[in-house]
Amino acid sequence: MIISKEYSRDGARFELSGIITSEEIMGLNTALYKQWDFTSYKYQLWIFTAVEDFLLSSGEMKILASQDLQASEINPHMKVALVSESPLVFGLCRMYEAFYGDGPWQTRVFKSLAEAEKWIK
């Protein structure tokens with residue numbers, strides 16, 4: 001479930017909880033790319049600390065990473081911070097990083113929201 005989504009001048013912050021579906025993640029991504037000032041965003045902060053599980057297949061994770069690679073052509077100067085304390089969710093975030101590969105965005109997975117916020121500033 002999506003708890004909150006916030007857009008600022010510099011980026012976007014999403015907080016999710018419970019069991020997350022591929023439709024929710026891809027919907028947030030699509031909405032993000034459609035922001036009129038997406039080209040000036042410096043960061044994305046995805047907070048998964050209250051997430052129990054992702055209902056995303058590895059194929060859907062590849063599609064998500066591919067969407068981000070396409071978006072990085074529009075804005076190559078982005079940091080993407082993913083936050084989770086859960087070993088399962090942390091591992092899934094790392095899978096996303098692997099699928100995203102050598103794209104221009106800097107991506108990191110954190111166990112602490114404070115660390116992630118410090119990194120994106």
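Strands, of at least two residues, are DSSP runs numbered from the N terminus. The model examined in these exercises is predicted.

**Exercise 1.** Determine in which strand Gln-44 has its place, and whether Gln-44 is buried or exposed.

*Solution.* Step 1: Gln-44 belongs to strand S3, which comprises residues 43-55. Step 2: buried means under 20% relative accessible area. Step 3: Gln-44 has a relative accessibility of 1% and therefore counts as buried. Step 4: beyond its neighbours within four places in sequence, Gln-44 contacts several residues, including Ala-12, Met-78 and Trp-105.

**Exercise 2.** State how far apart Phe-14 and Phe-48 are in sequence and in space.

*Solution.* Step 1: Phe-14 is located in strand S2, residues 11-21. Step 2: in sequence, 34 residues separate Phe-14 and Phe-48. Step 3: in space, their C-alpha atoms are 8.6 Å apart. Step 4: Phe-14 is buried, at 0% relative accessibility. Residues up to four places away in sequence aside, Phe-14 touches, among others, Tyr-7, Leu-28 and Trp-46.

**Exercise 3.** Explain which parts of the chain the salt bridge of Arg-13 and Glu-117 ties together.

*Solution.* Step 1: side chains of opposite charge can pair when their charged atoms come close. Step 2: the side chains of Arg-13 and Glu-117 form a salt bridge with an N to O distance of 2.9 Å. Step 3: Arg-13 is in strand S2 and Glu-117 in helix H4, so the pair ties together parts 104 residues apart in sequence. Step 4: Arg-13 is partly exposed at 22% relative accessibility, and Glu-117 is partly exposed at 28%.

Conventions:
Residues are numbered from 1 along each chain as its sequence is written. This is a predicted model: local features need pLDDT of at least 70, side-chain atom pairs count only at pLDDT 80 or more; totals for chains, interfaces and linings use all residues. Side-chain values use heavy atoms; hydrogens and water are left out. Helices (H or I, at least four residues) and strands (E, at least two) are DSSP runs, numbered from the N terminus. Buried means under 20% relative accessible area, exposed over 50%, partly exposed in between (1.4 Å probe, protein chains only). Contact means heavy atoms within 4.5 Å. A salt bridge is a side-chain nitrogen of Lys or Arg within 4 Å of a carboxyl oxygen of Asp or Glu.
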